[in-house]
Amino acid sequence: LESYCFYRSLAVGTKTGYRLFSVTSVDKLDCIHESTETPDVYIVERLFSSSLVVVVSESMPRRMNVYHFKKGTEICNYSYSSNILAVRLNRQMNVCLCSLIESIYIHNIKDMKLLKTLLNTPSNPSGLCALSINHCNSFLAYPGSDTNGEIIVYDANNLSTVTMIPAHDSPLAAITFSASGTKLASASERGTVIRVFSIPEGLRLFEFRRGMKRYVNISSLSFSPDAQFLCASSNTETVHIFKLEQHSPSGEEDAPSWSAYVGKMFTAASSYLPAQVSGMMSQDRAFATVRLQMVGQKNVCTLAIIQKLPRLLVASSDGQLFIYNIDPQDGGECTLGTEKCELTEPPQACQTYAATVAIPTSGPVTATLTGYSEDGGAKKGEVIPEHEFAAGPVCLDDETEFPPVSIR
């Protein structure tokens with residue numbers, strides 16, 4: 001599984017190919033496309049709500065293919081010296097990012113021109129990286145060390161390093177940007193503390209404690225569209241949702257509660273305790289939680305507004321999607337909004353553009369940049385059409401403009 005963005009499109013890679021879903025209702029999961037031409041897909045990334053999709057398969061792990069799924073044509077492909085571990089897309093700056101174990105390649109996705117190669121990066125066997133989707137703050141984040149939790153923030157527009165953030169003592173496990181690109185969340189391999197930093201300054205804004213009893217493997221982090229909430233999933237049965245709110249300097253509240261009183265007592269007492277204990281007491285706990293039905297399955301989580309209400313989406317590696325309701329005022333235990341949705345139903349249940357719109361080309365185009373004509377035939381030497389890219393910034397509350405959640 002791999003989660004990249006947090007809205008209402010879902011891409012699923014399987015042993016038989018890949019599927020694209022639209023998630024606009026808690027009652028229905030619409031499959032908008034299915035491809036069985038490329039088996040064993042382990043990376044699939046859709047370029048926002050466009051017709052472009054990037055696919056990497058286990059049979060050719062060093063090659064990235066870009067398809068126009070509505071036309072059923074391959075636009076281009078690009079091969080690398082080692083296995084591709086992650087692909088990230090940024091529509092506004094037209095950046096396509098490929099992460100290998102010790103290098104990162106940045107392309108202009110319009111013509112796949114190589115803009116920059118970051119060589120000899122710290123060993124990154126999971127391909128951990130994050131790319132901001134914002135058109136003004138086009139930042140890339142990746143591990144700056146394989147022995148601690150340093151984060152390198154790189155400007156993918158100006159192709160220069162912005163800052164280095166000493167985020168954690170242990171190596172990184174998860175990183176993600178907010179939609180605006182002004183916040184970056186991170187977790188280490190220990191999985192007990194999640195931190196949020198300002199970008200590009202790299203200042204620590206928030207620190208949340210996921211737990212104290214045991215170390216866990218954080219599998220995903222995701223901001224809500226307005227960056228007011230942050231969710232985290234792990235190899236445990238609990239998903240945590242944290243609220244990003246600045247407490248008033250005086251610590252006073254309009255309606256004092258018992259928990260607020262206890263919090264003030266802890267704050268007062270922390271000044272007399274060792275620094276490590278004091279730090280633990282000053283960390284915020286989860287605002288809301290979800291107790292998952294499955295245990296031991298790798299999963300990714302994301303926050304979205306569906307039918308005008310905040311929801312938590314959790315997709316698992318066994319092909320199930322769960323949608324939970326969130327109380328944005330009081331938090332607490334989230335309720336299951338719908339029965340689980342199966343992401344690997346029989347093919348006939350899925351309407352495909354390939355079956356209704358286009359006829360696939362007779363074979364793949366190798367090592368050549370290709371485009372397509374309006375009748376679906378491939379033409380060599382053309383670039384990706386301009387109408388597949390946005391003319392301005394992404395409107396995050398537009399029903400037709402949603403970055404994807406991708407799973408592998």
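I began with tyrosine 80 in this predicted model. Its relative accessibility is 7%, so I noted tyrosine 80 as buried, the cut-off being under 20%.

Next I looked up tyrosine 78. This residue comes out at 25% relative accessibility, so I put tyrosine 78 down as partly exposed.

Then I turned to the rings. How many aromatic pairs does the structure hold? I found five. In one of them, the ring centres of tyrosine 78 and tyrosine 80 lie 5.0 Å apart with planes at 45°, so I logged the pair as tilted. I also noted a cluster, in which ring pairs join Tyr78 and Tyr80 with Tyr105.

Tyr80 turned up again when I moved on to the nonpolar cores. The largest core contains 23 residues, and Tyr80 is listed with Val56, Met64, Ile84, Val87 and Leu89 as having the most contacts inside it. Which elements give two or more residues to this core? I wrote down strands S4 (41-46), S5 (52-57), S6 (60-68), S7 (73-79), S8 (86-90) and S9 (95-99). S5 supplies the largest share, three residues.

I picked methionine 64 for a closer look and set aside its neighbours within four places in sequence. Methionine 64 touches Val54, Val55 and Val56, and also Cys76, Asn77 and Tyr78. Its other contacts are Tyr80, Ile84, Val87, Cys96, Cys98 and Met112. Handy to see: both tyrosines from my opening entries, Tyr78 and Tyr80, are in contact with methionine 64.

Last, I checked for another core. There is a second, separate one of 17 residues, and its members include Phe287, Leu292, Leu303 and Ile326.

Methods. Residues are numbered from 1 along each chain as its sequence is written. This is a predicted model: local features need pLDDT of at least 70, side-chain atom pairs count only at pLDDT 80 or more; totals for chains, interfaces and linings use all residues. Side-chain values use heavy atoms; hydrogens and water are left out. Rings of Phe, Tyr and Trp (its six-membered ring) pair if their centres lie within 6.5 Å; planes under 30 degrees apart count as stacked, over 60 as edge-to-face and the rest as tilted. Buried means under 20% relative accessible area, exposed over 50%, partly exposed in between (1.4 Å probe, protein chains only). A nonpolar core is a set of buried Ala, Val, Leu, Ile, Met, Phe, Trp, Tyr and Cys residues joined through side-chain atoms within 4.5 Å. Helices (H or I, at least four residues) and strands (E, at least two) are DSSP runs, numbered from the N terminus. Contact means heavy atoms within 4.5 Å.
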